[in-house]
Amino acid sequence: MKDFFNRSEKRKDIIFSTLIFVLGVILGTISKILDSTPSNLLPSFLEVLDLRNFFSRIGIWLFFGVLLSVYSKSPVRSAVNVFLFFAGMVASYYAYTIMIAGFFPKSYMMIWMMLTILSPIFAFICWYAKREGIFGNIISSIIIMFISRQAFAFGYWYFDIRYVLEFIIWIAVILILYRSPKQTIWMITIGMLLYFLTAQINLLWGML
């Protein structure tokens with residue numbers, strides 16, 4: 001009976017991971033279609049939301065990575081799921097770019113391939129962001145810092161929301177990482193402090 005349940009559980013994991021890969025393929029394809037379609041040819045609501053630029057920035061992909069990481073059953077499953085998602089997304093995006101759009105953006109493709117290769121490591125660590133303790137607080141604060149870099153613009157004389165959709169993602173990530181009022185306040189405070197300290201530093205060729 002135990003072997004039966006173990007096999008059933010493994011089958012569910014394989015199906016779930018396969019669906020995550022397919023989701024990555026679908027979102028990567030949609031992202032490239034939006035990116036390669038002139039905005040005036042898109043439905044008006046997509047033009048207003050500016051989804052072309054939204055999906056071309058890294059914030060939405062960080063969100064999916066965090067979402068898959070913290071809700072996976074274990075750090076190892078988190079690493080597998082996030083890697084499959086990014087592998088599907090990057091493969092479909094650049095397959096469409098090369099075979100249909102007809103150009104080869106080597107530098108950006110190499111960056112995203114590198115991120116995909118490193119994604120299991122990041123996912124393994126991010127799995128602990130929702131766990132109790134100092135380590136979980138530190139990881140969650142660093143996640144808030146990276147999401148804040150996408151959502152806000154900060155300089156010597158100004159602080160503003162950069163993109164409304166990424167501000168919504170910022171709120172969504174806080175809700176995802178929520179544990180208790182005290183720990184959530186700690187997470188936001190440290191995360192925003194790290195954001196202010198690093199706001200003027202370009203990370204990953206400006207992508208982060």
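Leaving aside its neighbours within four places in sequence, which residues is Ile 143 in contact with? The list is Val 66, Cys 126, Ala 129, Val 173 and Leu 177. Keep in mind that this is a predicted model. The protein is built from nine helices and two strands, and Ile 143 is a handy place to start, being one of the residues that touch the most other members of the largest nonpolar core.

**The overall layout**

- Reading from the N terminus, the elements go α-α-α-α-α-α-α-β-β-α-α, so to speak a run of helices, then the strands, then helices again.
- There are 208 residues in the protein, and 42% of them are buried.
- Take the contacts with a separation of 6 or more: 70% of them come from residues 24 or more positions apart.
- The accessible surface adds up to about 12,000 Å², and carbon and sulfur atoms hold 73% of that.

**The nonpolar core**

- The largest nonpolar core has 45 residues, and the ones touching the most other members are Trp 61, Trp 112, Ile 143 and Leu 177.
- At least two core residues come from each of helix 1 (2-36), helix 3 (51-56), helix 4 (59-70), helix 5 (75-101), helix 6 (106-126), helix 7 (134-151), helix 8 (164-177) and helix 9 (181-198).
- Two of those top core residues also meet each other, since Leu 177 is on the contact list of Ile 143.

**Helix 5 against helix 6**

- The axes of this pair come within 6 Å and cross at roughly 170 degrees.
- That angle is over 145 degrees, which means helix 5 and helix 6 are roughly antiparallel to each other.
- Helix 5 passes helix 6 in a right-handed crossing.
- On the helix 5 side the contact includes Pro 75, Val 76, Ala 79, Val 82, Phe 83, Phe 86, Val 90, Tyr 94 and Ile 98.
- Helix 6 answers with residues including Tyr 108, Met 109, Trp 112, Met 113, Thr 116, Pro 120 and Phe 124.
- Trp 112 shows up here as well as among the core residues that touch the most other members.

**Helix 4 against helix 7**

- Here the axes lie 9 Å apart and the packing angle is about 155 degrees.
- Helix 4 and helix 7 therefore count as roughly antiparallel to each other.
- The crossing of helix 4 past helix 7 is left-handed.
- Gly 59, Leu 62 and Val 66 do the touching from helix 4, while helix 7 brings Ile 143, Phe 146, Ile 147 and Gln 150.

**Helix 8 against helix 9**

- These two pack at an angle of about 140 degrees, and their axes are 10 Å apart.
- Helix 8 is therefore oblique to helix 9.
- Helix 8 passes helix 9 in a right-handed crossing.
- Trp 170, Ile 174 and Leu 177 of helix 8 meet Thr 184, Met 187, Ile 188 and Met 192 of helix 9.

**Two residues to look up in the viewer**

- Is Glu 166, a helix 8 residue, buried or exposed? Its relative accessibility is 2%, so Glu 166 counts as buried.
- Beyond its neighbours within four places in sequence, Glu 166 is in contact with Phe 54, Arg 57, Gly 59, Gln 150 and Ala 151.
- Gly 59 and Gln 150 from that list also take part in the contact between helix 4 and helix 7.
- Leu 68 sits in helix 4 and is buried, because its relative accessible area is 15% and the cut-off is under 20%.
- Leaving aside neighbours within four places in sequence, Leu 68 is in contact with Ile 20, Asn 81, Val 82 and Phe 85.
- Leu 68 and Cys 126 are 58 residues apart along the chain, with 9.5 Å between their C-alpha atoms.

Methods
Residues numbered from 1 in each chain as written. Predicted model: local features only at pLDDT ≥ 70, side-chain atom pairs only at ≥ 80, totals over all residues. Heavy atoms only, no water. Core = buried A, V, L, I, M, F, W, Y, C linked by side-chain atoms within 4.5 Å. Buried < 20%, exposed > 50% of the residue type's maximum accessible area, 1.4 Å probe, protein only. Helix = DSSP H or I, 4+ residues; strand = E, 2+ residues; numbered from the N terminus. Contact = heavy atoms within 4.5 Å. Areas by Shrake-Rupley, 256 points an atom, 1.4 Å probe, with all protein chains shown as cover. Axes fitted to C-alpha atoms, helices over the stretch in contact; angles between N-to-C directions. Parallel < 35°, antiparallel > 145°, perpendicular 65-115°, else oblique. Left-handed = near helix turned anticlockwise from the far one by under 90°.
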